[in-house]
Amino acid sequence: MYKQKKLKINDTPTQVTAKRLSFFDIQATAPLLMNGNLDFSDYWRYAFSHWLDFTNPDDKPINIDIENLSPEDGIQLAKLLPDPSEVMGWLVFREAKPDESDTSSTGDQ
């Protein structure tokens, strides 16, 4: 796990833990971000439900209704995760570089 923060969500004391994201965690968000519009609600739903764990002060898992978060609670949770523009930057694929040994061996042909 990666980041932890004690918050009150829907007036409930909650320990929120954000997992350390992997390459594949980020890749899974590509379909949510490549639709060409500025509605990031699907990204945040995915991120909150897949990348955050919620426990009570006794460390027992609790269920948070992310669909009914207040704007203030949503902002606090979003601070624990990368924002969509950062994730889009990670998703940019670059053209593969040619292998130098391939070009030198075919250079005389």
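Contact here means heavy atoms within 4.5 Å. Keep that in mind for what follows, since this is a predicted model and much of the story is about what touches what.

Start with helix α5, residues 84–91. Its buried residues are Pro84, Val87 and Leu91. Looking down the axis of α5, these fall within an arc of 60 degrees, so they line one face of the helix. The general rule behind this is that an α-helix has 3.6 residues a turn, so residues three or four places apart point the same way. And what sits over the buried residues of α5? The cover includes α1 (23–27), α2 (30–33) and α3 (41–51).

Now zoom out. The chain has six helices and three strands, and along the sequence they run β-β-α-α-α-β-α-α-α. Of its 109 residues, 30% count as buried. If you take the contacts with a separation of 6 or more, 63% of them come from residues 24 or more positions apart.

Helix α4 (71–78) tells a similar tale to α5. Asp73, Gly74, Leu77 and Ala78 are its buried residues. They cover an arc of only 135 degrees around the axis, which puts them on the same side of α4. Turned away from that side is a face with the exposed residues Pro71 and Glu72. On the buried side, the packing partners are β1, β2, α3 and β3.

Leu77 deserves a closer look. Leaving out residues up to four places away in sequence, Leu77 touches Leu7, Ile9, Val16, Phe48, Leu52, Phe54 and Leu69. Leu77 also turns up in the largest nonpolar core, a set of 22 residues, where the ones with the most contacts inside the core are Ile9, Val16, Phe48, Leu52, Leu77 and Leu81. The elements that give two or more residues to this core are β1 (3–9), β2 (12–18), α2, α3, β3 (52–55), α4 and α5. Helix α3 gives the most, with five residues.

Helix α3 leads again at the largest pocket, which has a volume of about 160 Å³. Of the lining, α3 supplies the most, with four residues, and both α3 and α4 supply at least two each. The lining is made up of Ser41, Trp44, Arg45, Phe48, Ile66, Glu67, Leu69, Ser70, Pro71 and Gly74. Sorted by class, that is five nonpolar, three polar and two charged residues.

One more residue of α3 to click on is Tyr46. Its contacts, not counting residues up to four places away in sequence, are Ala28, Thr29, Leu32 and Trp51. Tyr46 and Leu32 are 14 residues apart in sequence, and their C-alpha atoms are 8.7 Å apart in space.

Finally, the loops. Which residues other than glycine have a positive phi? Asp11 is one, with phi near 65 degrees, and Asp59 is another, with phi near 70 degrees. Here they are side by side:

| Residue | Loop | Phi | Relative accessible area |
|---|---|---|---|
| Asp11 | between β1 and β2 | near 65 degrees | 70% |
| Asp59 | between β3 and α4 | near 70 degrees | 59% |

Are these two buried or exposed? Exposed counts as over 50% relative accessible area, so Asp11 at 70% is exposed, and Asp59 at 59% is exposed too.

Note on methods: Residues numbered from 1 in each chain as written. Predicted model: local features only at pLDDT ≥ 70, side-chain atom pairs only at ≥ 80, totals over all residues. Heavy atoms only, no water. Buried < 20%, exposed > 50% of the residue type's maximum accessible area, 1.4 Å probe, protein only. Arc of directions from axis to C-beta. 1 Å grid on protein atoms, 1.4 Å probe; cavity = no way out; pocket = protein on both sides within 12 Å on 5 of 7 lines; lining within 4 Å. Points joined across faces, edges and corners; volume = space filled by probe spheres on them. Nonpolar A, V, L, I, M, F, W, Y, C, P; charged D, E, K, R; others polar. Core = buried A, V, L, I, M, F, W, Y, C linked by side-chain atoms within 4.5 Å.
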